[in-house]
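Colleague: Please take one part of this model and go through it closely. I would like to know how it is packed and what lies around it.

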Amino acid sequence: MSREVPRPPLELPETEPLVAPPSFEADLAKIGVTLDETKIAIVGDYLARLLAANQLLNLTPIRSADEAWTRHALDALSLVPHLAHLGDGAAVMDVGSGGGVPGIVLAIARPDLEFLLVEATQKKAHFLEEVASALGLSNVEVAPERAEELAATDLAGSFDAVTARAVAPIERLLPWTAPFAAPGGRLLFIKGQKAPDELKAAKQAMKRLGVKHVETRLGPTGRVVVLEVG
């Protein structure tokens, strides 16, 4: 899946990993997720690097550690139960990865899965490459390209799940994600309060692309929309 482009290393500030808030494990339990201490520590390392890099690269509007644990870590990890059916080596694509949510966090939680993070903005793609390397995530590769262009390559139809968060309304997001899912593959979107309205607006696009709505679940800060590609 490699689409890496050689680049000079980013000169990012030194950071100390963020420590999870006392309620974090209980919050994980509420969304049906269990992480060991090592993985939680790596998530804290990632969040610290994200916030530090944000000062230079404008990766996220979130500035505080507490918000990062909730709006980044918990939001991303709310997708973990929807990946539970995937076995070792299954392929997951994250479209519009930005600063790495949910892709990087999911790769920490599920080191047995292979992740391709698609991010067309070059400075963000560069950060993703650097942070994945720094965290030792050998299951992550980065495609610094547009999803529309990748859909015409051999990546089409080759992923067991495709994820996206805060990229676009569902109607616009479907053509950027559905082509990559294998038959029976899932599309997992982290959406806001307007998810039901977006689903209604996307009915024709879903029909055209052979996508059906499986369920919508409440997440830590919004909703998780689960779709299946026929």
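Modeller: The answer starts with a pair of helices and moves on to another helix and a loop residue. The model is predicted, so local features need pLDDT of at least 70 and side-chain atom pairs pLDDT 80 or more, while totals for chains, interfaces and linings use all residues. Numbering starts from 1 along each chain as its sequence is written, and side-chain values use heavy atoms, without hydrogens and water.

Helix α2 (residues 37–57) and helix α5 (residues 122–134) have axes that come within 11 Å and cross at roughly 150 degrees (lines fitted to C-alpha atoms over the stretch in contact, with angles from 0 to 180 degrees between N-to-C directions; helices are DSSP runs of H or I, at least four residues, and strands of E, at least two). This makes α2 roughly antiparallel to α5 (over 145 degrees). Y46, R49, L50, A53 and L57 of α2 meet K123, F127, V131 and A134 of α5 (contact means heavy atoms within 4.5 Å). By class, this contact has 7 nonpolar, no polar and 2 charged residues (Ala, Val, Leu, Ile, Met, Phe, Trp, Tyr, Cys and Pro are nonpolar; Asp, Glu, Lys and Arg are charged; the others, Gly among them, are polar).

Helix α2 also takes part in the packing of α3, whose buried residues pack against α1, α2, α4, β4 and β5. In α3 (residues 65–77), the buried residues include W69, H72 and D75 (under 20% relative accessible area, 1.4 Å probe, protein chains only).

Helix α4 leads to R110, which is found in the loop between α4 (103–109) and β2 (114–118). R110 is buried, with a relative accessible area of 13%. Beyond its neighbours within four places in sequence, R110 is in contact with L83, A84, L86, F115 and N139.

How values were computed
Angles under 35 degrees count as roughly parallel, over 145 as roughly antiparallel, 65 to 115 as roughly perpendicular and the rest as oblique. Buried means under 20% relative accessible area, exposed over 50%, partly exposed in between (1.4 Å probe, protein chains only).
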